[in-house]
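Hi there,

Here is the structure I promised to pass on. Have a look at it first, and then read on for what turned up in it.

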Amino acid sequence: MGDCQVIESSDRHTLYKADRHGLRFKIKTTGFGPYILLTASHKPSLQLYKIILGQETRVMNLCEGTEMKFPSKCISHFLDHKHLWVTWYNNKIKVGMIGEQIPFVEYDRLYTEPSVGFVQFKTSCRHGAPIEWIIESSPVILKTVACRRFNDKLCWQPLDNGKLPHDAMVGGFENELTYIARSHHNNSLCPGKYVPSMGVAFVPWGHREHSKEEFEILCGFNAKWVKTKCNHIPTNAFIGGYSEVQNEPLYIGRAMYDGKLLIGKVHVRYDLCYLPYHGREVEISTYEILVIPEDAIRQSLPTHPMLCLH
């Protein structure tokens, strides 16, 4: 069953480390609106998801401002202890009753980044109604799920009437999810980021951040991020573009900077990852690089338009 911890009403603002992708808990209250907050591992104050328990359990994506509702008549009240479990893994948030294999919540918009790292236990009642949470540290895994890292082949696509393709790859986070993009700049095809709230992409070049209205979005799931530094480029690193000098390959990198997960380009000539941020081109020597499966078909470098003239 794992260790247990009783959370009193006075502890409702305490953050609890959540590094096992799930937990079991009991709850009892005469109040209403008990809820769980899942916050980011790299920034505990960043609230990612809110799970409001009740006859109609609601899961709110606090970054997107969206909400999904799930009927849950099995918890019509909390006058006696309700024994529940919650998990966040395999791109889903699930909530269910202990002893029942089928969850009553199955929310499928859990993002890999930013990852969940902390939990808060709260109630919406403003009048101090007594509430008791009993937390069991052991996660609940109903059955083993094979987590496939490599699924769909990567490809580049434009926006569809201003909307993201359904399989656009999330790459970073800057107060909102950002996506991997690329655009032409000064005879290069430069990887960068797309910021949905601004409707434009940004690429790093020449010590500056450049906004782009014409760009492509990387789509698919056939890739993962691996840590590296300087010019240590894995043989299966995904080629995202080319430089303006000798048609050299540019790779896709990302790194934490100023509390944000930024996407940019990796240029092996200079042993650095370059990130567009607040008008500047930020240089990072330790970063993550996007790679594809070792057994994938060998990539060809994107064709430089100037080469087509010869």
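Let me start with one strand pair: strand 5 (residues 47–52) and strand 6 (residues 56–61) run antiparallel and are joined by four bridges. Within that pair, Ile 52 sits opposite Arg 58 of strand 6. Please keep in mind throughout that this is a predicted model.

The loop that links strand 5 to strand 6 contains Leu 53. Is Leu 53 buried or exposed? With a relative accessibility of 4%, Leu 53 is buried, because the cut-off for that class is under 20%. Its C-alpha atom is 5.8 Å from that of Pro 34, although the two residues are 19 apart along the chain.

On the other side of strand 5 in sequence, the loop between strand 4 (34–40) and strand 5 holds Lys 43. Lys 43 has a relative accessible area of 37%, and so it is classed as partly exposed. From Lys 43 to Val 116 the C-alpha distance is 9.6 Å, with their positions 73 residues apart in sequence.

Strands 5 and 6 also belong to a wider arrangement. Which order do the strands take in the open sheet of six? The order is 2-11-4-5-6-7, and the pairing is antiparallel. Strand 2 (16–17) and strand 7 (66–71) are the edge strands, each of them pairing on one side only.

Now for the chain as a whole. The protein chain has 26 strands and zero helices. Of its 310 residues, 49% are buried. Among contacts with a separation of 6 or more, 63% are between residues 24 or more positions apart.

Strand 8 (residues 82–89) deserves a paragraph of its own. Six of its eight residues are buried, so strand 8 is largely enclosed by the rest of the structure. Strand 3 (residues 22–29) pairs with strand 8 in the antiparallel sense over six bridges, and here Lys 26 is opposite His 83. Strand 8 also pairs with strand 9 (residues 92–97), again antiparallel and over six bridges; in this pair, Val 86 faces Val 95 of strand 9. Strands 8 and 9 make a hairpin with two residues between them, and Asn 90 in the turn has a positive phi of about 55°.

Two further residues have positive phi without being glycine. One is Asp 258, at about 55°, in the loop that runs between strand 22 (249–257) and strand 23 (260–267). The other is His 278, at about 50°, which is placed in the loop between strand 24 (272–277) and strand 25 (280–284). His 278 counts as exposed, because its relative accessibility is 62%.

On to the interior. Nonpolar side chains tend to be buried together in soluble globular proteins. Which residues touch the most other members of the largest nonpolar core? They are Phe 25 and Ile 93, in a core of 41 residues. Both domain 1 (4–136) and domain 2 (155–296) contribute residues to this core, so it lies between them. A separate core has 14 residues, including Ala 237, Tyr 251, Leu 275 and Val 291.

Ile 93 is worth selecting in your viewer. Beyond its neighbours within four places in sequence, Ile 93 has contacts that include Leu 38, Tyr 49, Ile 51, Val 59, Val 86, Trp 88, Val 105, Tyr 107 and Leu 110. Thr 87 and Glu 106 are also among the residues it contacts.

There is some empty space as well. The structure holds one cavity of 30 Å³ or more, and the volume of the largest cavity is about 40 Å³. Its lining is made up of Leu 48, Tyr 49, Asn 61, Cys 63, Tyr 111, Glu 113, Pro 114 and Leu 177.

Finally, a look at strand 19 (residues 216–219). Strand 13 (residues 155–157) runs antiparallel to strand 19, and three bridges join them; Cys 155 stands opposite Cys 219. Strand 15 (residues 177–185) pairs with strand 19 too, in the antiparallel sense and over two bridges. There, Arg 182 has Glu 216 as its bridge partner.

Happy browsing, and best wishes!

Conventions. Residues are numbered from 1 along each chain as its sequence is written. This is a predicted model: local features need pLDDT of at least 70, side-chain atom pairs count only at pLDDT 80 or more; totals for chains, interfaces and linings use all residues. Side-chain values use heavy atoms; hydrogens and water are left out. Buried means under 20% relative accessible area, exposed over 50%, partly exposed in between (1.4 Å probe, protein chains only). A nonpolar core is a set of buried Ala, Val, Leu, Ile, Met, Phe, Trp, Tyr and Cys residues joined through side-chain atoms within 4.5 Å. Domain bounds come from an automatic or database domain assignment. Contact means heavy atoms within 4.5 Å. Two strands pair if DSSP finds at least two bridges between them. On a 1 Å grid over the protein atoms alone, a cavity is a set of points where a 1.4 Å probe fits but cannot get out, and a pocket is an open set with protein on both sides within 12 Å along at least five of seven lines; lining residues have an atom within 4 Å of a point. Grid points are joined across faces, edges and corners, and a volume is the space filled by probe spheres set on the points.
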